[in-house]
Amino acid sequence: MIRKIKNILIFLSIISIALKLILMALIFAYPNVTSIDNIEANARDLINMTNEYRHSLNLGELSPNARLTQAAVNKAQDLLANQYFAHTSPEGKKFSQWIKDVNYKYFYVGENLAINFNKNEDVFQAWLNSPTHKENIIKPQYQEIGIAVLEGKYQNQQTTIVVQIFGSRVLGASEQLDLSYKPLEKSTNNYLYNENFLKKITSLKNIGKLNEFNNYFLIVIMGLYLITYTPVKKNKNQINVKQPIINRYQAKIFRE
């Protein structure tokens, strides 16, 4: 019984080690996998900065919109997945198309991008230092806003991508969205959330969690194996018939 348990533990250890190698290979081979942690917190922070600055200029505040946030998330994911940093994708997809994809019926629309910033304050200040970015921030026609802050690898370097989308809906267009600072998460409003099941499984965050769980699992397996391991005690006077050990003195006796 003990021998069977040992064999099972050894088999599980081999599987765990193989899984760890696969996970490490995935982490190395998928540099463009992104994480959507803290979207709401970063979006709220940057939107507050934007509205505070607009308020200082006696401009109307921008209301967060889940569709614009979703469009920003989709655009940020595409930037990392296809390794480009521009308002138009290499395939010629304009930034406005991302907004159309989420069924946001706009009259005015604009986009700000940022990369390689560690703090929201630095991002916003860089936008203010740029005339074209600042123009979007203070444009009086805009009514709503959506922001995505995603982490991933760009040109083999870990970085942060920020996408800020401004918009104002056509006259008469109105909607009620519950998750103002978040992207759309369900198939409501005729739109499916872009973060599908496969992406959730293969996200860098979940791969890391699985790798960490696998480490604990391997430790437990090895611990159980050590508990069940009982070395065979040999009798000092026992002679190994298959491989007899003969010292020089014994050999001399046998020759006589």
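Two residues are in contact when heavy atoms of the two lie within 4.5 Å, and with that meaning in hand the chain of this predicted model can be read from its contacts. Among the contacts in the chain with a separation of 6 or more, 77% are between residues 24 or more positions apart. The chain has 256 residues, of which 36% count as buried, and its accessible surface comes to about 16600 Å², with 57% of that belonging to carbon and sulfur atoms.

The secondary structure comes to 9 helices and 4 strands, and from the N terminus on the elements follow the order α-α-β-α-α-β-α-α-β-β-α-α-α. In space the 4 strands form an open sheet with mixed pairing, in which the order is β1-β3-β4-β2. Strands β1 (63-64) and β2 stand at the edges with a single partner strand each, so one side of each is left without a neighbour in the sheet. Helix α3, residues 66-82, packs on this sheet and touches β1, β2, β3 and β4, while its direction makes about 20 degrees with that of β3. Helix α5, which covers residues 120-129, lies across β2 and β4 and runs at about 115 degrees to β2. Within the sheet, strand β3 (residues 144-154) and strand β4 (residues 157-169) pair in the antiparallel sense over 11 bridges, and in this pairing V149 stands opposite V162 in β4.

The charged pairs add detail to this picture, for the structure holds 3 salt bridges. One of them joins K75 to E111, with the closest N and O atoms 2.9 Å apart. Because K75 lies in helix α3 and E111 in strand β2, the pair ties together parts that are 36 residues apart in sequence; both K75 and E111 are buried. A salt bridge is also formed by E144 and R169, whose closest N and O atoms are 2.6 Å apart. This pair links distant parts of the chain, with E144 in strand β3 and R169 in strand β4, 25 residues apart. E144 has a relative accessible area of 7%, and since buried means under 20%, this residue is counted as buried. K93 and D101 form a salt bridge as well, the closest N and O atoms being 2.9 Å apart. Here K93 is partly exposed, at a relative accessible area of 25%, and D101 is likewise partly exposed, at 31%.

R169 also comes up when one looks at K105, a residue in the loop between α4 (95-101) and β2 (106-115). Leaving aside neighbours within four places in sequence, K105 is in contact with S168, R169 and V170. K105 and S168 are 63 residues apart in sequence, and their C-alpha atoms are 8.3 Å apart in space. K105 nevertheless has a relative accessible area of 55%, and because exposed means over 50%, K105 is counted as exposed.

The surface also carries a nonpolar patch, formed by L210, F213 and F217, which together have about 280 Å² of accessible area. F217 is found in helix α8, residues 204-228. At 32% relative accessibility F217 counts as partly exposed, and this value fits the patch because a residue there must have over 30% relative accessible area.

Conventions:
Residues are numbered from 1 along each chain as its sequence is written. This is a predicted model: local features need pLDDT of at least 70, side-chain atom pairs count only at pLDDT 80 or more; totals for chains, interfaces and linings use all residues. Side-chain values use heavy atoms; hydrogens and water are left out. Helices (H or I, at least four residues) and strands (E, at least two) are DSSP runs, numbered from the N terminus. Buried means under 20% relative accessible area, exposed over 50%, partly exposed in between (1.4 Å probe, protein chains only). Two strands pair if DSSP finds at least two bridges between them. Axes are lines fitted to C-alpha atoms, for helices over the stretch in contact, and angles run from 0 to 180 degrees between N-to-C directions. Accessible areas come from the Shrake-Rupley method with a 1.4 Å probe; for residues, only the protein chains shown count as cover. Patches are made of residues with over 30% relative accessible area and no salt bridge: like charges are joined within 9 Å, nonpolar side chains (Val, Leu, Ile, Met, Phe, Trp, Tyr) within 5 Å. A salt bridge is a side-chain nitrogen of Lys or Arg within 4 Å of a carboxyl oxygen of Asp or Glu.
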